[in-house]
Amino acid sequence: MAEITTKKLLDTIVAGIQEQKGKRIVVVDLKKTDNSVCSYFVICEGGSNTHVNAIATNLKEYVREAIKVKPLAMEGFENCEWIVSDYIDIMVHIMQREAREFYDLEHLWADAKLKEIPDLD
């Protein structure tokens, strides 16, 4: 089986989020950031706990079906305010708007490059 590149995984994750209408997707490039735990954060939001759950559940299935990759772990299904999917080199944060604004993950690393992905309507 061919090894999946980080770029392919990243593109597949973004597509999986878009398929379930995840909003305000931002890719945070942490490769040149000291002490980062991974190469990328992908951050998006859903409009309710039901929507956040649906994005996370769909993402897991979408990535598994498209490129045969499963997350190492997923946490946050208890209240679905913030679900994290760990793809080792990419951490996916699916959040409700209030939690996203409060934690402001995009700006924790001042030297990280941010790439905003336009919403699909």
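Visitor: Where in the chain does Tyr 62 lie?
Guide: In this predicted model, Tyr 62 lies in helix α2, which covers residues 49–67.

Visitor: Why is Tyr 62 called partly exposed?
Guide: The relative accessible area of Tyr 62 is 24%, and since buried means under 20% and exposed means over 50%, a value of 24% falls in between, so Tyr 62 is called partly exposed.

Visitor: Which residues is Tyr 62 in contact with, once its neighbours within four places in sequence are left aside?
Guide: Those residues are Thr 12, Ala 15, Gly 16 and Glu 19. For Thr 12, which is 50 residues from Tyr 62 along the chain, the separation between the two C-alpha atoms is 7.9 Å.

Visitor: What makes Val 52 count as buried?
Guide: Val 52, which also lies in helix α2, has a relative accessibility of 0%, and because buried means under 20%, Val 52 counts as buried. With neighbours within four places in sequence left aside, Val 52 is in contact with Gly 46, Cys 80, Ile 83, Ile 94, Met 95 and Gln 96. Glu 3, by contrast, is 49 residues from Val 52 in sequence and 29 Å from it in space, C-alpha to C-alpha.

Visitor: Cys 80 is one of those contacts; why does Cys 80 count as buried?
Guide: The relative accessibility of Cys 80 is 5%, which is under the limit of 20% for a buried residue, so Cys 80 counts as buried. Cys 80 is found in the loop between β3 (73–75) and β4, and it has a positive phi of about 55° although it is not a glycine.

Visitor: Lys 21 also has a positive phi although it is not a glycine; what makes Lys 21 count as partly exposed?
Guide: At 48% relative accessibility, Lys 21 is past the 20% limit of the buried class but does not reach the range over 50% that is called exposed, and therefore it counts as partly exposed. The place of Lys 21 is in the loop between α1 and β1, and its phi is about 65°.

Visitor: How do you know that Ser 85 is buried?
Guide: Ser 85, a residue of strand β4 (residues 82–86), has a relative accessible area of 0%, and as this is under 20%, the conclusion is that Ser 85 is buried. Not counting residues up to four places away in sequence, Ser 85 touches Leu 59, Ala 73, Met 74, Ile 90, Met 91 and Val 92.

Visitor: Which residues have the most contacts inside the largest nonpolar core?
Guide: They are Ile 13, Ile 17, Val 42, Tyr 87, Ile 90 and Val 92, in a core of 25 residues. The elements that give two or more residues to this core are α1 (6–19), β1 (23–29), β2 (40–46), α2 and β5 (90–96), and the largest share, six residues, comes from α2. In soluble globular proteins, nonpolar side chains tend to be buried together.

Visitor: What is Ile 90 in contact with, leaving aside its neighbours within four places in sequence?
Guide: The contacts of Ile 90 are Thr 6, Leu 9, Leu 10, Ile 13, Cys 38, Tyr 40, Val 42 and Ser 85. Apart from the largest core lies another core, of twelve residues, and Val 84, Met 91, Leu 105 and Ala 112 are among them.

Visitor: How many helices and strands does the protein chain have?
Guide: The protein chain has three helices and six strands, and from the N terminus on its elements run α-β-β-α-β-β-β-α-β.

Visitor: Why is the protein chain called as compact as a globular protein of its length?
Guide: Its radius of gyration is 13 Å, while the globule rule gives 14 Å for 121 residues, and because the two values are close, the chain is as compact as a globular protein of that length. Buried residues make up 45% of the 121 residues, and of the contacts with a separation of 6 or more, 60% are accounted for by residues 24 or more positions apart.

Visitor: Where is the place of Gln 18, and which residues is Gln 18 in contact with beyond its neighbours within four places in sequence?
Guide: The place of Gln 18 is in helix α1, and its contacts are Ile 25, Ile 117, Pro 118 and Leu 120. Gln 18 and Glu 116 are 98 residues apart in sequence and 13 Å apart in space, C-alpha to C-alpha.

Methods: Residues numbered from 1 in each chain as written. Predicted model: local features only at pLDDT ≥ 70, side-chain atom pairs only at ≥ 80, totals over all residues. Heavy atoms only, no water. Helix = DSSP H or I, 4+ residues; strand = E, 2+ residues; numbered from the N terminus. Buried < 20%, exposed > 50% of the residue type's maximum accessible area, 1.4 Å probe, protein only. Contact = heavy atoms within 4.5 Å. Core = buried A, V, L, I, M, F, W, Y, C linked by side-chain atoms within 4.5 Å. Rg over C-alpha atoms; globule rule 2.2 N^0.38 Å.
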